[in-house]
Amino acid sequence: MSFATADLYDAHGDALRSCVTQFRSYGACARFSGQISTIRCLEDNALVKQVLATPGAGRVLVVDGGGSLRTALLGDMIAASALENHWAGVVINGAVRDTAALSTLDLGIKALGSNPRKSAKTGTGELDVPVTFGDVTFTPGHWLFADEDGILVSDHHLTI
């Protein structure tokens, strides 16, 4: 993928929203983009597992885990499922685990940090609702562009 978020911002300026949250990159794919799907959940990854087991068609799943680092919302098995189902990436406002294995997967993965503790599996949460963190609202159907410099969001697809 040949784009840089800094170049996109220079070309499109205020048409883009820049996420100020400082995420760490965990997947082998540091640069990724796609149409946004969302989940809002707190310390429960059942919906994350369910959604990433469906065809991704190059989309990016944005998970608002409330910034909690108490439990991981994504591990190697769910990430492998996302890769198999053609998701471009996952952005988690929360924690991941199995970071050594995640680093070998050709998937974009950004999260706040890691914790080996697994999450609840009750299915509590909301699907495809706007979620807000880092001064950006991530709306299902909008577009996300991520690289080593950060995350940009656009209402529509941009020429890369």
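Which residues does Asn45 touch, not counting residues up to four places away in sequence? In this predicted model, the partners of Asn45 are Ala72, Leu73, Ile78, Ser119, Ala120 and Lys121. Asn45 itself sits in the loop between β3 and α2. With a relative accessible area of 6%, Asn45 is buried, because buried means under 20%.

**The largest pocket**

Asn45 is also a good way into the next topic. The largest pocket has a volume of about 280 Å³. Its lining is made up of 15 residues, and those closest to the pocket centre are Asn45, Met77, Ile78, Arg97 and Lys121. Two of these names, Ile78 and Lys121, are also among the residues that Asn45 touches.

Which elements give two or more residues to the lining of the largest pocket? They are strand β5 (72-74) and helix α3 (76-84). Of the elements, α3 gives the most to this lining, with four residues. If you are thinking about the chemical character of the pocket wall, the lining divides into five nonpolar, four polar and six charged residues.

**Salt bridges**

How many salt bridges does the structure hold? There are five, and three of them are described here, including these pairs and their N to O distances:

| Salt bridge | N to O distance |
|---|---|
| Arg17 and Asp155 | 3.1 Å |
| Arg40 and Glu126 | 2.7 Å |
| Arg70 and Glu43 | 2.5 Å |

Let us take them in turn. The side chains of Arg17 and Asp155 meet in a salt bridge at 3.1 Å, N to O. Arg17 belongs to strand β1 (residues 16-18), while Asp155 lies in the segment after β12 (150-154), so this pair ties together parts that are 138 residues apart in sequence. Arg17 counts as partly exposed, at 25% relative accessibility. Asp155 is partly exposed as well, with a value of 45%.

The next pair is Arg40 with Glu126, whose closest N and O atoms are 2.7 Å apart. This salt bridge links distant parts of the chain, with Arg40 in strand β3 (residues 32-40) and Glu126 in strand β8 (residues 126-127), 86 residues apart. Are the two partners buried or partly exposed? Arg40 is partly exposed, at a relative accessible area of 31%, and Glu126 is partly exposed at 38%.

Finally, Arg70 and Glu43 meet through their side chains at 2.5 Å, N to O. Arg70 is found in the loop between β4 (60-64) and β5, and Glu43 in the loop between β3 and α2, so the pair ties together parts that are 27 residues apart in sequence. The loop between β3 and α2 is also where Asn45 has its place.

**Cysteines**

How many disulfides does the structure hold? The count is zero. For Cys19, the nearest cysteine sulfur is that of Cys41, 16 Å away, and Cys19 is in no disulfide. The pair cannot be counted as a disulfide, because that requires cysteine sulfur atoms within 2.5 Å. Cys19 counts as buried, at 7% relative accessibility. Cys41 is likewise in no disulfide, with the sulfur of Cys19 as its nearest cysteine sulfur at 16 Å. Cys41 counts as buried too, at 5% relative accessibility.

Definitions and conventions: Residues are numbered from 1 along each chain as its sequence is written. This is a predicted model: local features need pLDDT of at least 70, side-chain atom pairs count only at pLDDT 80 or more; totals for chains, interfaces and linings use all residues. Side-chain values use heavy atoms; hydrogens and water are left out. On a 1 Å grid over the protein atoms alone, a cavity is a set of points where a 1.4 Å probe fits but cannot get out, and a pocket is an open set with protein on both sides within 12 Å along at least five of seven lines; lining residues have an atom within 4 Å of a point. Grid points are joined across faces, edges and corners, and a volume is the space filled by probe spheres set on the points. Ala, Val, Leu, Ile, Met, Phe, Trp, Tyr, Cys and Pro count as nonpolar, Asp, Glu, Lys and Arg as charged, and the others, Gly among them, as polar. A salt bridge is a side-chain nitrogen of Lys or Arg within 4 Å of a carboxyl oxygen of Asp or Glu. Buried means under 20% relative accessible area, exposed over 50%, partly exposed in between (1.4 Å probe, protein chains only). Contact means heavy atoms within 4.5 Å.
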